[in-house]
Amino acid sequence: KYIKSLAAIPPVIANPFSSEDHAFYGINKNIPTEVPASATNTYKSSGGWKDFMNFYALGNVFTINNTRYGIISDIEPYTAEIVCGESNYSGDVIVPDLVTNNNKTYTITRIGNGTFSDCTELNSVTLPNVVTEIGYNAFKNCTKLKSASIGNAIEKIGGSSFYNCTLLSGIQLPASLKSIESNAFTYCRAFTSIVLPENIKILNNSVFYGCFNLNNVQLSAKTTEIKEYAFGGCNNLKSIQLPDSLLILGENAFNSCNNLQVIKIPAKVTSIGSYAFCYCSNLSAVFSFANIPPKTGTEVFYGVSKTIPLFVSAASIPDYQQAVQWKDFTSVYDVNSIFEKDGIRYHIISNGDTPEVEVMKNDLPYSGAITIPDKVDFDGRSYTVSKMYEGVFSQNKLITSVTLGNAIKKINNS
């Protein structure tokens, strides 16, 4: 349930048959570990001791009402964190904002590393508005956790903190949040929607990896980087608006998002990592607003049809047609030749004496009753709707009926 070492120098853990330390093999590394205050940093870097995640000075762990706490600061203002219990926490847990021990009242400012990890009977948790940090692995593998209210003061969510919380359907992230570490919400399969607060500038590795039902994402307007596998395996993600602030798309960022319809790469993006859109097999169009083709890693669009249209600025078309990987797209068009009217996206294929357009896929699948007119007006001109672009309605189960105009001359496997 806990470890207490009185030794000022961490005892050497030796194994004559291996360079690895196995003395604590199989022991939960989340449990509180009490050591002499002057030796805390030494223990954190020593042999098998360094694997433990919660070190405290001797006597700085206490229990109140079956909940265990570790003291962060024993001088005013007094602060503490909730730590791994003597038995797994369960049911509906409400973390208090204040606790009193030995005539000192402590503010609970942190959820300790691994505190609720593997608490498979935990149903809900409510954090007070004084908690500023959720530690590493804090709620990892809480497979029955359905509700998490984390308060309005959280600044940091630690790595793997909600990893594999498979029933957690969503979480409201407060405006105070500044950092979400790697794998924080990996395999939160019940997530359907997430709104990232303004101060989240970097989406770390695998932060939403395997959130299979995630279909609505709102990124911060200050986001500059989406790191590797951030949205990998988000199978139900059909669209995402990347902010104008974005500079870097990491490796495998959207790998296997096989329901993603359209991707729009902002103008400031300079680099796209290997396999960023690998197996995004339902992509129907790529828009790049960068005047200079972003540098690409290995097989950025592996598994994506290169016959889908690539839309860039007219002046940049020659550069994209010569750039590595971008040149693999067989149809590169002027981004200004696209417009929408009454929920239908059109592409101008002729702007001469007899203006014509074709019907394109939209960012999200078309649904309901679809009517394609004979003509559509745009920018002071009347265009004949003469063609259906390839795959425009393909495998769409949301459409109930389609009425085509009399001017349609060509339907390409639509």
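# Close-up views of a predicted model

**View A. The aromatic pair of Phe231 and Phe254.** Phe254 is buried, because its relative accessibility is 0%; buried means under 20% relative accessible area, exposed over 50% and partly exposed in between, with a 1.4 Å probe and protein chains only. The model is predicted, so local features need pLDDT of at least 70 and side-chain atom pairs count only at pLDDT 80 or more, while totals for chains, interfaces and linings use all residues. Residues are numbered from 1 along each chain as its sequence is written, and side-chain values use heavy atoms, with hydrogens and water left out. Phe231 likewise counts as buried, with a relative accessible area of 0%. Rings of Phe, Tyr and Trp (its six-membered ring) pair if their centres lie within 6.5 Å; planes under 30 degrees apart count as stacked, over 60 as edge-to-face and the rest as tilted. This rule gives 31 aromatic pairs. In the pair shown, the ring centres of Phe231 and Phe254 are 5.4 Å apart and the planes lie at 10°, so the pair is stacked. Phe231 belongs to the loop between β18 (225-226) and β19 (248-249), and Phe254 to the loop between β19 and β20 (262-265), so the pair ties together parts that are 23 residues apart in sequence. Strands (E, at least two residues) and helices (H or I, at least four) are DSSP runs, numbered from the N terminus.

**View B. Strand β6 and its two partners.** Strand β6 spans residues 79-83 and is mostly covered, with five of its five residues buried. Thr79, Glu81 and Val83 point one way from β6, whereas Ala80 and Ile82 point the other way. Two strands pair if DSSP finds at least two bridges between them. With strand β5 (residues 67-73), β6 pairs in the antiparallel sense over five bridges, and Arg68 stands opposite Val83. With strand β9 (residues 104-111), β6 runs parallel and is joined by four bridges; here Ile82 has Ile111 as its bridge partner.

**View C. The hairpin between β5 and β6.** Five residues form the hairpin connection from β5 to β6. Pro77 is found in this loop. The peptide bond that joins Glu76 and Pro77 is cis, with an omega of about -5°.

**View D. The surroundings of Arg110.** Arg110 is placed in strand β9 and is buried, because its relative accessibility is 15%. Its side chain makes a polar contact of 2.7 Å with the side chain of Glu81. A second side-chain polar contact, of 3.3 Å, joins Arg110 and Glu133. A polar contact is a pair of N or O atoms within 3.5 Å; within protein, one must be able to donate a hydrogen and the other to accept it, and residues adjacent in sequence count only if both atoms are side-chain atoms. When neighbours within four places in sequence are left aside, the residues in contact with Arg110 (heavy atoms within 4.5 Å) are Ile72, Ala80, Glu81, Ile82, Val131, Glu133 and Gly135.

**View E. Two open sheets of three strands.** One sheet has the strand order β1-β2-β3, with parallel pairing. Its edge strands, β1 (3-4) and β3 (55-57), each pair on one side only. Strand β2 (residues 33-35) and β3 pair over three bridges, and Thr33 stands opposite Phe55. Another open sheet has the order β7-β10-β12, again with parallel pairing. Here β7 (91-94) and β12 (147-149) are the edge strands, each pairing on one side only. The twist averages 15° from one strand to the next; axes are lines fitted to C-alpha atoms, for helices over the stretch in contact, and angles run from 0 to 180 degrees between N-to-C directions. Four bridges link β7 with strand β10 (residues 122-126), and Asp92 has Ser124 as its bridge partner in β10.

**View F. Lysine side chains over aromatic rings.** Lys140 lies over the face of Tyr163, at 5.1 Å from the ring centre. Lys29 lies over the face of Phe52, at 5.8 Å from the ring centre. A charge sits over a ring if NZ of Lys or CZ of Arg is within 6 Å of the ring centre and within 35 degrees of the ring normal.

**View G. Positive phi at Glu299 and Asp379.** Although not a glycine, Glu299 has a positive phi of about 45°. Glu299 lies in the loop between β23 (295-296) and β24 (309-312) and, at 37% relative accessibility, counts as partly exposed. Asp379, also not a glycine, has a positive phi of about 50°. The loop between β30 (375-378) and β31 (381-388) holds Asp379, which is exposed at 68% relative accessibility.
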